[in-house]
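Here are a few exercises to work through with the model open in your viewer. Try each one before reading its solution.

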Amino acid sequence: SADVVLVGDFNAQKQSTRGFLRIIRKIKTSFVIALECLTVQDQVAIDSYLAGELSEKEFLSKVAWKKNWGFPWENYRPLFKWAQQHKIKIYGINGGAQLKTLKSRDKVSAEAIKRISLLHRKSKVFIQYGDLHLASAHLPKALKKLLPLLDQCIIYQSPEILYFKIM
C-alpha cells in the first residue's frame, strides 16, 4: 500500500536485482522504477534505450556505465529488458560522482524521487538503492523531509543488515 517502496541493492550481487525484479513482477498496480545505478542526467539515454532507439552498447556508452557505476551490467540487464518489454518507465536518481558525502547523495536522490512521485501521482515508485542508504537516518529521512505525507516501505536484501537488526 506504500507510495514509495525502497528495495535494498547489494550492488555487487546479481541476486539483489533478481530479488527486485521478483518483487516488481508481482505488482498489479501502476508503477515506475527509480535506480541508483543511473544518474538524473542519464534520463534521455534511459528513455531512448527503453524505446529501442539505442542499442545496449550505445546506451552503456552514453551513460558511461563502467566509469560511473562500475558494477556488472549483466546484473541489471534482465531488469531493463523486462521494463522494456512491459513498457515500464525507469528513472535515474543518482546525483553522480561529484557528490562526495552520503548526505548530499541522498538529498539529490530524494529530490529526484519527489519529482518522479509528483509526476506519477497515480503510480507507485519502486526504488532500487544501496542497502546502506536505506538506514532510517539516510534516504528515508531525506524523503520524509521533502514529502512528509509520503508512505514509505523499505525492503532490505542484505542478510548482514537483517542479522544486526535482529540482534
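**Exercise 1.** Find which residues touch the most other members of the largest nonpolar core, then work out which elements supply this core.

Solution. Bear in mind that this is a predicted model.
- Start with the core itself: it has 29 residues, and Ile24, Ile33, Phe59 and Phe80 touch the most other members.
- Next, go through the elements. At least two core residues come from each of β1, α1, β2, α2 and α5 (77-86).
- β2 is the top contributor here, giving five residues.
- Now zoom in on phenylalanine 59. Leaving out residues up to four places away in sequence, its contacts are Leu38, Ala45, Ile46, Tyr49, Leu54, Trp73 and Phe80.
- Don't stop there: a separate second core holds 20 residues, including Val32, Ala34, Ile127 and Tyr129.

**Exercise 2.** Write down the strand order of the open sheet and place helices α1 and α2 on the strands they lie across.

Solution.
- Reading across the five strands gives β3-β2-β4-β1-β5, and the pairing is parallel.
- The edges are β3 (90-94) and β5 (152-155), as each of these pairs on one side only.
- From one strand to the next, the twist averages 25 degrees.
- Take one pair up close: β2 (residues 31-39) and β3 share four bridges in the parallel sense. Threonine 39 sits opposite asparagine 94 in β3.
- Now add the helices. α1 (residues 14-25) lies across β1 (4-9), β2, β4 (124-130) and β5, at about 170 degrees to β4.
- α2 (residues 43-50) lies across β2 and β3, and runs at about 155 degrees to β3.

**Exercise 3.** Is histidine 133 buried or exposed, and which side chains does its side chain meet in polar contacts?

Solution.
- Locate histidine 133 in the loop between β4 and α7 (139-146).
- Check accessibility: the relative value is 6%, and the cut-off for buried is under 20%, so histidine 133 is buried.
- Look for polar partners. The side chain of aspartate 106 is one, at 2.7 Å, and the side chain of glutamate 36 is another, at 3.4 Å.
- Widen the search to every touching residue more than four places away in sequence, and you get Glu36, Leu102, Arg105, Asp106, His138, Leu139 and Pro140.

**Exercise 4.** Count the disulfides and classify cysteine 37 and cysteine 153 by exposure.

Solution.
- The disulfide count is zero.
- Cysteine 37 has a relative accessible area of 7%, so it's buried.
- Cysteine 153 comes out at 31%, which means partly exposed.

How values were computed. Residues are numbered from 1 along each chain as its sequence is written. This is a predicted model: local features need pLDDT of at least 70, side-chain atom pairs count only at pLDDT 80 or more; totals for chains, interfaces and linings use all residues. Side-chain values use heavy atoms; hydrogens and water are left out. A disulfide is a pair of cysteine sulfur atoms within 2.5 Å. Buried means under 20% relative accessible area, exposed over 50%, partly exposed in between (1.4 Å probe, protein chains only). Two strands pair if DSSP finds at least two bridges between them. Axes are lines fitted to C-alpha atoms, for helices over the stretch in contact, and angles run from 0 to 180 degrees between N-to-C directions. Contact means heavy atoms within 4.5 Å. A nonpolar core is a set of buried Ala, Val, Leu, Ile, Met, Phe, Trp, Tyr and Cys residues joined through side-chain atoms within 4.5 Å. A polar contact is a pair of N or O atoms within 3.5 Å; within protein, one must be able to donate a hydrogen and the other to accept it, and residues adjacent in sequence count only if both atoms are side-chain atoms.
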